[in-house]
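Reader: Please take a close look at the largest pocket. What lines the largest pocket, and what else should I find in the model?

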Amino acid sequence: MTVALDVSWRRCINSWISECLENGHTVESIVQSMAGDGFDKDIATETVHTLLAGEFPADSSYEYDSGPISPDRSFHAHDRTVHVLLRTEKPQTILFGDVLSADECDQLIQLSRPRMQPSTIIDSETGQLVPADSRASESYTFALSEDPFIDRIDRRISALMNWPLEYGEGLQVVHYGVGGEFLPHFDFYPPKDPGSAAHFLFGGQRVATLIVYLNDVEAGGATEFTETGMSFTPRMGQALYFRYFNNIGQLDPMTRHAGLPVLTGEKWIVTKWMRRYRYHR
């Protein structure tokens, strides 16, 4: 007998699938197990891939749950006490102070400066990295914990985001000169884009972002959430957290954002993206 999935069943099955993925089972083995228990194989395949990708709310709005980060105003993140400056609920954002010291900001800039390459975006059809007019910047991505200094920053950010170290992509340092910007976009991979599919296999969907500002920008360069008009001005050592994947696999359409043009001076940031499962690439 073929089993169909209603909402309550889907949430129960998603919990089981998630546990299997966290324990290292492959997508193929999970689908085979579900088919052996009476699920239609196509439905089982679609259910697993939907869990990996997440989905925009259809018949209801995005459900804002509590999220993984402590509600305290300050807390210890690996090796440093971090202070909460601001929280918003819709979308879920937190502005932190004192995430990196001035020396750490300068060191990240100096380490990445000679390695910078023109920034790219992911082609929505092919999934390949391509140049784009929507992103005028240069960037460099460190390997996860590639040396003691990067390891310390990775561990601090992991503790701050309250998400496993191994679920994070490598730190990406980005530099914008005058006029540099990043047009409105989502940080998660759009589930319906054919080019997104291959990226889900490396740890599932992205769930949250932390942007750390490495310098004070003289003018311009704010991070703006386009659906609300809310914006954040870069300040050295501060970090902006935002979460867009909730505990039932919905993606938050309110997290569309842009890096506004730098009007005077330059802008340096480092970005951490966290995945739903262990990131391996």
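Author: Helices (H or I, at least four residues) and strands (E, at least two) are DSSP runs, numbered from the N terminus. The model is predicted, so local features need pLDDT of at least 70 and side-chain atom pairs pLDDT 80 or more, while totals for chains, interfaces and linings use all residues. Residues are numbered from 1 along each chain as its sequence is written, and side-chain values use heavy atoms, without hydrogens and water.

A pocket is an open set of points on a 1 Å grid over the protein atoms alone, with protein on both sides within 12 Å along at least five of seven lines; a cavity is a set where a 1.4 Å probe fits but cannot get out; lining residues have an atom within 4 Å of a point. Points are joined across faces, edges and corners, and a volume is the space filled by probe spheres set on them.

The largest pocket has a volume of about 1,100 Å³. Its lining is made of 48 residues, and those nearest the centre are Thr-120, Ile-121, Ile-122, Arg-135 and Arg-206. Several elements supply at least two lining residues each, among them strand 5 (121–122), strand 7 (138–141), helix 6 (197–200) and strand 10 (206–213). Strand 17 (267–275) is also on that list, and with five residues strand 17 gives the most. By class, 21 lining residues are nonpolar (Ala, Val, Leu, Ile, Met, Phe, Trp, Tyr, Cys and Pro), nine are charged (Asp, Glu, Lys and Arg) and 18 are polar (the others, Gly among them).

There is also one cavity of 30 Å³ or more, with a volume of about 30 Å³. Asn-14, Thr-50, Leu-51, Glu-55, Ile-248 and Gly-249 line this cavity. Its lining has two nonpolar, three polar and one charged residues.

Next come the cores. A nonpolar core is a set of buried Ala, Val, Leu, Ile, Met, Phe, Trp, Tyr and Cys residues joined through side-chain atoms within 4.5 Å; buried is under 20% relative accessible area, exposed over 50%, partly exposed in between (1.4 Å probe, protein chains only). The largest core holds 51 residues, and Phe-96, Leu-100, Leu-210, Val-212 and Leu-214 touch the most other members. Apart from the largest core lies another, of 16 residues, including Leu-21, Ala-44, Tyr-189 and Phe-200. Leu-100 has contacts (heavy atoms within 4.5 Å) beyond four places in sequence with residues including Arg-80, Cys-105, Ile-153, Gly-237 and Val-270. Cys-105 is buried, at 0% relative accessible area, and Cys-20 is buried too, at 11%.

Some backbone details remain. Most residues other than glycine have a negative phi, and most peptide bonds are trans. The bond from Lys-90 to Pro-91 is cis, with omega near 5°, and Pro-91 sits in the loop between strand 2 (80–88) and strand 3 (92–97). Ser-145 has a positive phi, near 50°; this residue is in the loop between strand 7 and helix 5 (148–161) and is partly exposed, at 23% relative accessibility. Asn-162 has a positive phi near 55°. Asn-162 belongs to the loop between helix 5 and strand 8, and at 45% relative accessibility Asn-162 is partly exposed.

Thr-233, in the loop between strand 13 (230–232) and strand 14 (239–243), is partly exposed, at 44%. The C-alpha atoms of Thr-233 and Gly-265 are separated by 14 Å, with their positions 32 residues apart along the chain.
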